[in-house]
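Work through these exercises on disulfides with the structure open. Each task is followed by a solution in steps.

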Amino acid sequence: MFLSVRIFTPLFVLLAGVQAKRTDNCKLISPSESEQNALSLLEPLTNQNFTAEQHLHETYSYIFQVCGDAGGVKDAGLVQKDKAGKLVSVGSYNKTRAIKGSDWILLIYEGGESYDGHCSKEARKAMIMISCSKSAKNDFSVVLEDNKKQVDCYYLFELDTDVLCPANPSKLSGGSIFLIVVFSCLAVYLTGGFLYQRLVVGAKGVEQFPNYAFWSQIGNLSADGCDFVCRSRGNREEPPTYRGVATEPLGEEPEERDDHLLPM
Ligand SMILES: *[C@@H]1O[C@H](CO)[C@@H](O)[C@H](O)[C@H]1NC(C)=O
Ligand SMILES: *[C@@H]1O[C@H](CO)[C@@H](O)[C@H](O)[C@H]1NC(C)=O
């Protein structure tokens with residue numbers, strides 16, 4: 001009883017962990033299938049704090065999490081931290097929008113802490129443009145804060161990641177798959193044959209190679225064949241000595257050479 005609890009509890013935790021997605025913590029403002037799909041694509045980016053710095057008249061750092069408490073601030077998906085360490089929520093993941101394109105997702109967190117003076121004291125809003133970059137390893141950066149207007153102010157960020165890059169098809173070409181198959185068969189043939197010769201037939205030394213007689217014969221035959229093809233001329237006909245004098249009729253060659261000189 002005790003043992004089964006010990007064995008099975010981690011298993012259940014594991015299974016539950018597989019099913020419960022972290023992106024489900026995000027609450028979509030107006031849920032739809034396409035926004036839900038966009039969110040679930042971001043699952044590999046969850047459970048980590050992304051940080052970036054912005055140097056204006058003051059230095060701010062920003063911490064971003066996908067559907068989790070950024071910098072440990074409850075409900076905040078993106079927080080701003082000033083030099084004194086004061087944290088301000090720029091957007092909450094319980095007010096999320098997720099807009100998906102071919103290789104990018106625009107993640108919007110609304111419902112951040114309200115502005116003190118400008119932007120009609122509306123709630124802060126963060127937009128995070130997450131896009132495919134094959135070389136980037138999750139580079140998070142601040143683009144701008146658009147707050148010189150009456151309404152609809154926002155902070156804009158970028159996250160470059162390879163998570164959203166379209167999966168490339170198998171990198172192996174037909175040719176390399178063929179070669180792999182051929183070499184695998186060869187390996188199986190050699191090891192199988194070797195074991196058979198050694199253990200069943202009881203062969204020793206070089207004769208342990210499978211079909212040794214056959215292959216050595218093939219080797220000899222191909223050597224003969226090569227000899228025949230490559231040296232056929234030399235073998236069949238003695239190299240003519242005094243060739244120009246003995247074998248060619250005199251007087252023909254000079255005529256041929258003259259042809260080049262005739263005007264066309
Ligand atoms: C994110 O940062 C907060 C505050 O520094 C920390 O408590 C939390 O564990 C971090 N989360 C992850 C997943 O690193
Ligand atoms: C959403 O987050 C805000 C803080 O940003 C919090 O006040 C509010 O209770 C949260 N709502 C839900 C439904 O969790």
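**Disulfides in a predicted model**

Cys165 has 14% relative accessibility, so it counts as buried. The model is a predicted one.

**Exercise 1.** Determine how Cys165 is bonded, and give the handedness of the link.

Solution.
- Find the partner: Cys165 is joined to Cys132, with an S to S distance of 2.2 Å. The cut-off for a disulfide is within 2.5 Å.
- Read the torsion: it is about 95° around the S-S bond of Cys132 and Cys165, so this disulfide is right-handed.
- Place the ends: Cys132 sits in strand β6, and Cys165 in the loop between β8 and α3 (174-201), 33 residues apart.
- Check the partner's exposure: Cys132, at 22% relative accessibility, counts as partly exposed.

**Exercise 2.** Analyse the disulfide of Cys26 and Cys67.

Solution.
- Distance: S to S is 1.9 Å for Cys26 and Cys67.
- Torsion: about -105° around the S-S bond of Cys26 and Cys67, so the disulfide is left-handed.
- Location: Cys26 is in the loop between α1 (2-19) and α2 (33-41), Cys67 in the loop between β2 (59-64) and β3 (76-81), so the pair ties together parts 41 residues apart in sequence.
- Exposure: Cys26 and Cys67 are both buried.

**Exercise 3.** Repeat the analysis for Cys119 and Cys153, then state the pairing pattern of the chain.

Solution.
- Distance: the sulfur atoms of Cys119 and Cys153 are 1.8 Å apart.
- Torsion: -95° about the S-S bond makes the Cys119 and Cys153 link left-handed.
- Exposure: both Cys119 and Cys153 are buried.
- Pattern: the count is three disulfides. With bonded cysteines numbered in sequence order, the pairing reads 1-2, 3-5, 4-6.

Notes: Residues numbered from 1 in each chain as written. Chains lettered and ligands numbered in written order. Predicted model: local features only at pLDDT ≥ 70, side-chain atom pairs only at ≥ 80, totals over all residues. Heavy atoms only, no water. Helix = DSSP H or I, 4+ residues; strand = E, 2+ residues; numbered from the N terminus. Buried < 20%, exposed > 50% of the residue type's maximum accessible area, 1.4 Å probe, protein only.
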